Amino acid sequence: MGFPANGSSEKPSKCLIYGRTGWIGGLLGKLCESKGIDYVYGLGRLENRISLESDIASVDPTHVFNAAGVTGRPNVDWCESHKAETIRTNVVGTLTLADVCREKGLILINYATGCIFEYDEAHPIGSGIGFKEEDAPNFTGSFYSKTKAMVEELLKNYDNVCTLRVRMPISSDLTNPRNFITKIARYDKVVNIPNSMTILDELLPISIEMGKRNLTGIWNFTNPGVVSHNEILEMYRDYIDPSFTWKNFNLEEQSKVIIAPRSNNELDANKLKTEFPELLSIKESLIKYVFEPNKKIAGA
């Protein structure tokens with residue numbers, strides 16, 4: 001298994017990607033294109049084993065990337081009233097794909113979530129003590145997070161799976177409604193809590209490299225450190241829109257306008273940073289990959 005070295009007689013690398021219509025899945029395809037990596041989007045539905053086997057037989061991939069899953073539209077509150085559908089994709093589907101990949105001797109890079117933890121006595125807000133890869137999930141406030149914690153626990157038994165815990169994903173495309181910055185910039189009010197987050201422009205290329213290195217197991221897939229909602233919106237104001245203003249409210253007030261509680265946490269990114277020493281801290285990455293490039297466009 002693995003991406004062959006240049007000049008190798010092994011078959012050239014080929015990625016099979018699930019989640020074509022999703023945000024991360026779409027970005028992955030563009031990334032493979034820009035890097036000259038052969039890729040194909042899977043046609044099968046995750047919960048349909050025969051369709052997955054058919055995809056693998058026709059594509060003959062070296063690696064499989066799963067960015068498919070139900071997050072709910074417009075947000076995770078959808079999952080609270082669509083529980084069977086959420087389980088079908090997030091649990092049954094992901095497990096089926098992992099199982100088929102194992103049978104075929106393929107590594108599965110699975111984009112999961114870090115929204116399965118919440119600050120607690122052992123990991124207080126602002127302490128710098130983050131949840132590690134081996135920590136058991138402690139957040140069950142939303143059904144979405146429950147399904148993600150269930151499947152993560154079961155996937156530990158598959159030695160061919162690389163689980164990437166993504167959190168509050170951000171990209172340089174500030175027009176995308178799934179972008180965490182775009183979301184909070186449009187809210188009437190925001191909470192102000194420091195969180196671990198994932199800058200996709202920096203981390204998605206790393207996930208392809210993780211495939212090349214045949215890495216498996218659980219990884220906190222976030223930039224090191226935390227950033228608060230207000231700090232992001234201050235950067236947004238300073239770099240993008242000097243007239244931008246926002247209002248805060250507390251968790252109690254927020255709970256009145258959402259159905260399911262939201263996860264707030266810090267994930268320990270040391271394992272990823274050790275493997276990829278060039279990884280930037282969350283604030284550095286925000287400036288380099290998101291705000292500086294958009295500032296040039298805004299000023300053009």
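Why is strand S5 (residues 161-166) largely enclosed by the rest of the structure? Select these residues first, bearing in mind that the model is predicted: 6 of the 6 residues of S5 are buried, so the strand is largely enclosed by what surrounds it. Turning the view about the strand shows that both of its faces are covered, with Val161, Thr163 and Arg165 buried on one side and Cys162, Leu164 and Val166 buried on the other.

**Either side of S5**

Next, add strand S4 (residues 107-113), which runs parallel to S5 and is joined to it by 6 bridges. To find a point of register between the two, select alanine 112, which stands opposite arginine 165 of S5. Adding helix H5 (residues 143-155) to the selection completes a right-handed β-α-β unit made of S4, H5 and S5. Strand S7 (residues 217-220) also pairs with S5, again in parallel, through 4 bridges, and here tryptophan 219 of S7 is the bridge partner of leucine 164. While tryptophan 219 is selected, show lysine 271 as well, since lysine 271 lies over the face of that ring, at 4.3 Å from the ring centre.

**The loop between S4 and H5**

Follow the chain from S4 towards H5 and stop at glutamate 121, which lies in the loop between these two elements. In contrast to the buried residues of S5, glutamate 121 has a relative accessibility of 81% and therefore counts as exposed. If you draw a distance from its C-alpha atom to that of valine 290, which is 169 residues away along the chain, the separation is 33 Å.

**The largest nonpolar core**

Now return to the interior and select Phe65, Tyr111, Leu164, Ile206, Met210, Phe221 and Leu272, which, of the 29 residues in the largest nonpolar core, touch the most other members. The elements giving two or more residues to this core are strand S1 (14-18), helix H1 (23-35), S4, S5 and helix H7 (200-212), and H7 supplies the largest share, with 6 residues. In soluble globular proteins, nonpolar side chains tend to be buried together.

Centre the view on tyrosine 111, whose contacts, leaving out residues up to four places away in sequence, include Ile24, Leu28, Phe65, Lys148, Leu164, Val166 and Phe221. Apart from this core lies another, of 20 residues, among them Leu174, Phe180, Met197 and Ile232.

Which residues does serine 207 contact, once its neighbours within four places in sequence are left aside? Select serine 207 in helix H7, and show Leu28, Phe65, Tyr111, Leu164 and Phe221, with which serine 207 is in contact. Serine 207 has a relative accessible area of 0% and is therefore buried.

**An aromatic cluster**

The last stop concerns the aromatic rings, of which the structure holds 5 pairs. Tyrosine 236 and phenylalanine 244 make an edge-to-face pair, with 4.9 Å from centre to centre and 70 degrees between the planes. Both of these residues, tyrosine 236 and phenylalanine 244, are buried. Add tryptophan 246 to see a second arrangement: its ring centre and that of phenylalanine 244 are 5.8 Å apart and the planes are at 25 degrees, so this pair is stacked. Tyr236, Phe244 and Trp246 together form one aromatic cluster, and phenylalanine 244, which takes part in both the edge-to-face pair and the stacked pair, has a relative accessible area of 12% and so is buried.

Conventions
Residues are numbered from 1 along each chain as its sequence is written. This is a predicted model: local features need pLDDT of at least 70, side-chain atom pairs count only at pLDDT 80 or more; totals for chains, interfaces and linings use all residues. Side-chain values use heavy atoms; hydrogens and water are left out. Buried means under 20% relative accessible area, exposed over 50%, partly exposed in between (1.4 Å probe, protein chains only). Two strands pair if DSSP finds at least two bridges between them. A crossover is right-handed if, with the strands pointing away from the viewer, the path from the first strand over the helix to the second runs clockwise. Rings of Phe, Tyr and Trp (its six-membered ring) pair if their centres lie within 6.5 Å; planes under 30 degrees apart count as stacked, over 60 as edge-to-face and the rest as tilted. A charge sits over a ring if NZ of Lys or CZ of Arg is within 6 Å of the ring centre and within 35 degrees of the ring normal. A nonpolar core is a set of buried Ala, Val, Leu, Ile, Met, Phe, Trp, Tyr and Cys residues joined through side-chain atoms within 4.5 Å. Contact means heavy atoms within 4.5 Å.
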